[in-house]
Amino acid sequence: MAHVRSLFFDGPLAEVENKALRSAQLGRPSDVIWNITNRCNLLCDHCYMAADGHAKPDQLSDDETIDLVRRMGDAGVPVVFLSGGEPMMRPNFWEILAEVNAQGVRPTISTNCTMIDAEAAKRLASYGVRWIATSMYGPAEFHDAMVGVPGTHARVVTAIKALRAEGVGVVLKTALSNGTWPYIFDIIGMAKELDCGLVYICDLITSGRSEGEDDSRVSVGQWRELADFVVSDMLDPDVTLEYDIGAIPSVIPYIAEQFIARGVDVSKGLERLKIMSACPVGKGHMNINSEGGIMPCQFAQDWVVGNIRDMSFPEATQALYQIDLQESEGQCAPEACEYSRICRGCRAKAWQRTGDYMAEDVTCILHPGEQRTIPAAPSAHAAPGSPCAVPGGCG
């Protein structure tokens with residue numbers, strides 16, 4: 001994931017991203033995405049974890065969830081994304097959120113919004129939630145068919161309005177596929193109309209219910225068309241919308257090239273990308289599933305490096321960092337692409353396609369042999385500071 005405006009300019013998430021960057025440099029987790037439950041009240045046909053109404057049998061207990069939040073506070077985690085399944089289906093959701101707020105960790109909730117009414121929106125705001133992320137796939141009939149529950153589209157729109165009335169920012173998410181491509185520019189327009197601050201556009205992840213659906217991904221040409229639109233939109237002085245791109249990190253150097261071609265100074269973003277590449281795997285980014293499994297990427301639920309029940313946060317962070325000490329292979333290797341270190345390719349896709357997380361990302365939108373315009377190769381990667389060298393690092 002990469003927030004384009006905050007990366008290259010001064011977007012709405014610049015403050016929290018600076019905190020995340022500093023945490024990574026200190027050897028702490030830069031952010032945590034936590035699937036607090038595998039349960040969901042929708043049945044999205046592309047769900048990468050095939051979430052349904054059932055909880056995992058070995059999920060963290062209520063007491064373990066609260067203890068984990070306290071450990072996040074001790075470890076200096078700057079931001080946590082509470083996700084699912086549908087996180088609000090977890091019986092102690094509000095207790096978890098209250099503890100997150102008490103620990104000074106900034107929460108973002110990834111929810112389908114079907115459980116948010118005016119009262120819930122007010123309560124979320126009171127618990128320190130500044131951003132809610134929710135999905136939208138197209139017009140009502142299409143959206144409802146995709147998530148498997150009639151009336152969901154209308155409930156999402158109602159929830160967004162309630163959240164905005166309370167001053168909670170909204171991220172409108174979508175998975176880009178052949179099915180959703182006809183509606184992508186309408187979804188962006190909808191985000192603007194509903195006063196959402198951010199659009200998250202994620203390439204299709206072919207796992208869970210979408211396993212084997214690689215042919216459903218959009219083409220390189222379509223991704224370039226969308227990236228060109230994003231560049232033009234962000235250069236419009238009347239547009240303040242933030243764009244977040246997920247699971248296709250090559251879009252970020254492509255966008256940087258387009259900015260450079262238009263005479264835009266992208267040095268701020270390039271310096272940041274030398275530290276936090278467009279694919280965040282191994283850069284302090286941590287994912288925890290409902291059973292406590294520590295994952296390099298939420299999109300690869302079967303790629304686990306340990307369990308938070310058995311590992312401290314410093315140990316987990318260092319285990320994840322070991323991935324970044326390795327080099328990508330094939331067309332993503334440093335000798336094949338000078339953008340290797342600022343992009344890295346999607347490591348989750350490599351894992352899912354080959355079982356080797358350092359394999360090449362075959363969905364790259366940068367064509368080999370094309371002239372590169374990013375002015376300087378990134379500096380060599382450096383290990384983060386010792387986690388024990390900072391206050392609370394070994395707590």
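## How we know: strand β2, the cysteines and Thr 114

User: What makes strand β2 largely enclosed by the rest of the structure?

Analyst: In this predicted model, five of the five residues of β2 (residues 31–35) are buried, so the strand is largely enclosed by what surrounds it. Asp 31, Ile 33 and Asn 35 point one way, Val 32 and Trp 34 point the other way, and all are buried. As a general rule, side chains in a regular strand alternate between the two faces of the sheet.

User: How do you know that β2 pairs with β9?

Analyst: Pairing takes at least two bridges, and four bridges join β2 to β9 (residues 285–288), with the two running parallel. For instance, Asp 31 has His 285 as its bridge partner in β9.

User: And what makes β2 and β3 a pair?

Analyst: Again, the bar is at least two bridges, and β2 and β3 (residues 79–83) have four, in the parallel sense. One of the partnerships puts Trp 34 with Leu 82 in β3. Between these strands the chain passes through helix α3 (residues 62–75), and that β-α-β crossover is right-handed.

User: Why is Cys 202 not bonded to Cys 346?

Analyst: A disulfide needs two cysteine sulfurs within 2.5 Å. The closest cysteine sulfur to that of Cys 202 belongs to Cys 346, and at 8.0 Å it's too far for a bond. Cys 364 is in no disulfide either: its nearest cysteine sulfur, in Cys 343, is 6.0 Å away. Searching the whole structure turns up zero disulfides.

User: Why is Cys 202 called buried?

Analyst: The cut-off is under 20% relative accessible area; Cys 202 comes in at 7%, so it counts as buried.

User: Which residues touch the most other members of the largest nonpolar core?

Analyst: Those are Trp 34, Ile 116, Leu 124, Trp 223 and Phe 313, out of 91 residues in that core. Setting aside neighbours within four places in sequence, Leu 124 is in contact with residues including Phe 93, Trp 94, Ile 116 and Leu 163. Another core lies apart from the largest one; it has 29 residues, among them Ala 51, Ala 133, Val 147 and Val 281.

User: Why is Thr 114 called buried?

Analyst: Thr 114 has a relative accessible area of 9%, and under 20% is what buried means, so the label fits. You'll find it in the loop between β4 (106–110) and α5 (118–126).

User: What makes the link between the side chains of Thr 114 and Asn 41 a polar contact?

Analyst: The limit is 3.5 Å, and this pair is at 2.9 Å. Leaving out neighbours within four places in sequence, Thr 114 is also in contact with Leu 42, Thr 152 and Arg 155.

Conventions
Residues are numbered from 1 along each chain as its sequence is written. This is a predicted model: local features need pLDDT of at least 70, side-chain atom pairs count only at pLDDT 80 or more; totals for chains, interfaces and linings use all residues. Side-chain values use heavy atoms; hydrogens and water are left out. Buried means under 20% relative accessible area, exposed over 50%, partly exposed in between (1.4 Å probe, protein chains only). A crossover is right-handed if, with the strands pointing away from the viewer, the path from the first strand over the helix to the second runs clockwise. A nonpolar core is a set of buried Ala, Val, Leu, Ile, Met, Phe, Trp, Tyr and Cys residues joined through side-chain atoms within 4.5 Å. Contact means heavy atoms within 4.5 Å. A polar contact is a pair of N or O atoms within 3.5 Å; within protein, one must be able to donate a hydrogen and the other to accept it, and residues adjacent in sequence count only if both atoms are side-chain atoms.
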